[in-house]
Amino acid sequence: MTKLSSIPDNHLALKCEACGNNSMLAVKALLDTLDAETTVHEVIPKLHCSRCKTKGRASFVITYVGHSGEAMLGARQGD
């Protein structure tokens, strides 16, 4: 299980399985209020959808957000 403290520069890309709403949640924001030993799998069931307010029905992907300019340099296509 992934501890929040091991992914502080990441976000959780969330999708509500009830209504299909998508959102991003910064792990740093979670670490401001939760214990560093908390795992992602402990957090997900506690989250509410911002659209339909359903609790605990989110799927997620851990996503690194940042330095996208550097990532795009590696994705450049030749002319």
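Valine 27 makes a convenient starting point: leaving out residues up to four places away in sequence, its contacts are Leu4, Ile7, Pro8, Asn10, His11 and Leu12. This contact list, like everything that follows, is read from a predicted model. Valine 27 also belongs to the largest nonpolar core, whose 9 residues are Leu4, Ile7, Leu12, Leu14, Val27, Leu30, Val40, Val43 and Ile44. Strand E1 (10-16), helix H1 (27-31) and helix H2 (40-43) each contribute at least two residues to this core. Such a grouping fits a familiar trend, as nonpolar side chains in soluble globular proteins tend to be buried together.

Stepping back to the chain as a whole, the model contains 3 helices and 3 strands, arranged along the sequence in the pattern β-β-α-α-β-α. Of the 79 residues, 19% are buried. The chain exposes about 5,500 Å², and carbon and sulfur atoms supply 52% of this area. Among contacts with a separation of 6 or more, 61% link residues 24 or more positions apart.

The strands form an open sheet of 3 members in the order E2-E1-E3, with antiparallel pairing. Strand E2 (22-26) and strand E3 (58-64) each have a single partner strand and stand at the edges, so one side of each lacks a neighbour in the sheet. On average, and with direction ignored, neighbouring strands of this sheet are turned by 25 degrees against each other. As a general reminder, strands of a sheet pair through backbone hydrogen bonds, either parallel or antiparallel.

Strand E1 can be followed through its two pairings. On one side, 5 bridges join E1 to E2 in an antiparallel arrangement, and alanine 13 has methionine 24 in E2 as its bridge partner. E1 and E2 form a hairpin with 5 residues between them, and glycine 20 in the turn has a positive phi of about 85 degrees. On the other side, E1 and E3 run antiparallel and are joined by 7 bridges. Here asparagine 10 stands opposite tyrosine 64 in E3, while cysteine 16 has alanine 58 in E3 as its bridge partner.

The side chains of E1 alternate between two faces: Asn10, Leu12, Leu14 and Cys16 are buried and point to one, whereas His11, Ala13 and Lys15 point to the other and are not buried. This is the pattern expected of a regular strand, in which side chains alternate between the two faces of the sheet. Leu12 and Leu14 of the buried face are also among the residues of the nonpolar core.

Two polar residues outside the strands bring distant parts of the sequence into view. Glutamate 17, in the loop between E1 and E2, is partly exposed at 43% relative accessibility. Its C-alpha lies 5.6 Å from that of alanine 58, although the two residues are 41 residues apart in sequence. Not counting residues up to four places away, glutamate 17 touches Arg57 and Ser59; with serine 59 it makes a polar contact between side chains, at 2.6 Å.

Serine 5 lies in the segment before E1 and is likewise partly exposed, with a relative accessible area of 34%. Serine 5 and glutamate 37 are separated by 32 residues in sequence and by 6.6 Å in space, C-alpha to C-alpha. Beyond its neighbours within four places in sequence, serine 5 is in contact with Leu31 and Ala36. The serine 5 side chain reaches the backbone oxygen of alanine 36 at 3.1 Å.

Technical notes. Residues are numbered from 1 along each chain as its sequence is written. This is a predicted model: local features need pLDDT of at least 70, side-chain atom pairs count only at pLDDT 80 or more; totals for chains, interfaces and linings use all residues. Side-chain values use heavy atoms; hydrogens and water are left out. Helices (H or I, at least four residues) and strands (E, at least two) are DSSP runs, numbered from the N terminus. Buried means under 20% relative accessible area, exposed over 50%, partly exposed in between (1.4 Å probe, protein chains only). Contact means heavy atoms within 4.5 Å. Accessible areas come from the Shrake-Rupley method with a 1.4 Å probe; for residues, only the protein chains shown count as cover. A nonpolar core is a set of buried Ala, Val, Leu, Ile, Met, Phe, Trp, Tyr and Cys residues joined through side-chain atoms within 4.5 Å. A polar contact is a pair of N or O atoms within 3.5 Å; within protein, one must be able to donate a hydrogen and the other to accept it, and residues adjacent in sequence count only if both atoms are side-chain atoms. Two strands pair if DSSP finds at least two bridges between them. Axes are lines fitted to C-alpha atoms, for helices over the stretch in contact, and angles run from 0 to 180 degrees between N-to-C directions.
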